[in-house]
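Me: I am new to this model and would like a close look at one part of it. Please start with a single residue and then lead me on from there.

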Amino acid sequence: MFARLKKDIQAVFDRDPAAKSALEVVLCYPGLHAIWAHRLAHRLFVRGWVVLPRFISNFARFLTGIEIHPGAKIGEGLFIDHGMGVVIGETAEVGNNVTLYQGVTLGGTGKEKGKRHPTIGDNVVVATGAKVLGSFTVGANSKIGAGSVVLSAVPPNSTVVGIPGKVVVKDGCKVLSDAAANIDLNHDNLPDPEGEMLLCLHRHLARLEQRVVQLEEELKNRDPESV
């Protein structure tokens, strides 16, 4: 047990440069507290207990802002950075050395029974506010971009961004759709709407001045004494 606790603390040091001492990590990292509380709740849950594990889970959420259902299966080396707003559903499975940032949801999409939450592979990073919803697998070594909403399986070694989430990098190579391939990213050559508007006004004024001159000429020809 102590070896596992030591691994949990080391995971914080490995992935948070702000960590200065083991005492600080033990006392001041809510993600670590939530994981430890979940381990206790999960042990009781798999033995058939219901209320006490849920009570432990809810008490841990009260203290940390992180909700992990006692039924969720958590691997070694999970690091929850900051943690506030993280939700991990009952049938979610989290592999080894996974990193979750604040606001991440590993949730379901319906009322179906059985497996309804995602399986997260080893070494996956899920960035701030991302939602992974459904009973599919996020392959090992993948990254989910901040704010993404992932609704389908992700192959290993992929980077996913957007709503709904799309694979943009796989095995180190960019993955571009036909539409994306036509996107012009030369953002230093953008139109100037204000300049174009001023140019239109200038042309309009020039036409008005020319028309006024023509009307004055016509009026002069009809009645020279009135001009």
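What is the relative accessible area of alanine 22?

Reply: Happy to walk you through it! The relative accessible area of alanine 22 is 39%, so this residue counts as partly exposed (buried is under 20%, exposed over 50%, partly exposed in between; 1.4 Å probe, protein chains only). The model is predicted, so local features need pLDDT of at least 70 and side-chain atom pairs pLDDT 80 or more, while totals for chains, interfaces and linings use all residues. Residues are numbered from 1 along each chain, and side-chain values use heavy atoms, without hydrogens or water.

Alanine 22 sits in helix 2, which covers residues 22-28 (helices, H or I of at least four residues, and strands, E of at least two, are DSSP runs numbered from the N terminus). To get a feeling for distances, pair alanine 22 with glutamate 209: they are 187 residues apart in sequence, and their C-alpha atoms are 80 Å apart in space.

From helix 2, let us turn to the helices on either side of it in the numbering. Helix 1 (residues 2-15) packs with helix 3 (residues 30-46) at an angle of about 155°, and their axes are 11 Å apart (axes are fitted to C-alpha atoms over the stretch in contact, and angles between N-to-C directions run from 0 to 180 degrees). That makes helix 1 roughly antiparallel to helix 3 (under 35 degrees is roughly parallel, over 145 roughly antiparallel, 65 to 115 roughly perpendicular, the rest oblique). On the helix 1 side, Arg4, Leu5, Asp8 and Ile9 take part, and they meet Leu32, Trp36 and Arg39 of helix 3 (contact means heavy atoms within 4.5 Å).

Helix 3 also packs with helix 4 (residues 51-64): their axes come within 8 Å and cross at roughly 175°. This pair too is described as roughly antiparallel. Helix 3 brings Pro30, His33, Ala34, Ala37, Leu40, Ala41, Leu44 and Phe45 to the contact, while helix 4 brings Leu52, Pro53, Ile56, Ala60 and Thr64.

Next come the sheets. In one open sheet, four strands follow the order 2-5-8-11 with parallel pairing (two strands pair if DSSP finds at least two bridges between them). Strand 2 (73-74) and strand 11 are its edges; each has a single partner strand, so one side of each has no neighbour in the sheet. Strand 8 (residues 119-120) runs parallel to strand 11, and two bridges join them. Isoleucine 120 has valine 138 of strand 11 as its bridge partner.

Another open sheet has seven strands in the order 3-6-9-12-14-15-16, with mixed pairing. Here strand 3 (79-80) and strand 16 (173-174) stand at the edges, so each is without a neighbour on one side. Strand 3 runs parallel to strand 6 (residues 99-100), joined by two bridges, and isoleucine 80 is matched with leucine 100 in strand 6.

Within this sheet, lysine 143 is a good residue to follow. Lysine 143 belongs to strand 12 (residues 143-144). Beyond its neighbours within four places in sequence, lysine 143 touches Val125, Ser158, Thr159 and Val160. The bridge partner of lysine 143 in strand 14 is threonine 159, and strands 12 and 14 run parallel, with two bridges between them. Looking back to the helices, lysine 143 and arginine 43 are 100 residues apart in sequence and 29 Å apart in space, C-alpha to C-alpha.

Strand 14 deserves a pause of its own. Ser158 and Val160 form its covered face, whereas Thr159 and Val161 form its uncovered one. Strand 14 pairs with strand 15 in the antiparallel sense over four bridges, one of which can be traced from serine 158 to lysine 170 in strand 15. The two strands form a hairpin with four residues between them, and glycine 162 in the turn has a positive phi of about 100°. Proline 164 also lies in the loop between strand 14 (158-161) and strand 15 (166-170), and the peptide bond from isoleucine 163 to proline 164 is cis, with omega near -10°.

Most residues other than glycine have a negative phi, and most peptide bonds are trans. Asparagine 157, in the loop between strand 13 (149-150) and strand 14, has a positive phi of about 60°. Asparagine 157 is partly exposed at 32% relative accessible area. Asparagine 141 has a positive phi as well, near 65°; its place is the loop between strand 11 (137-138) and strand 12. Asparagine 141 is partly exposed, at 37% relative accessibility.
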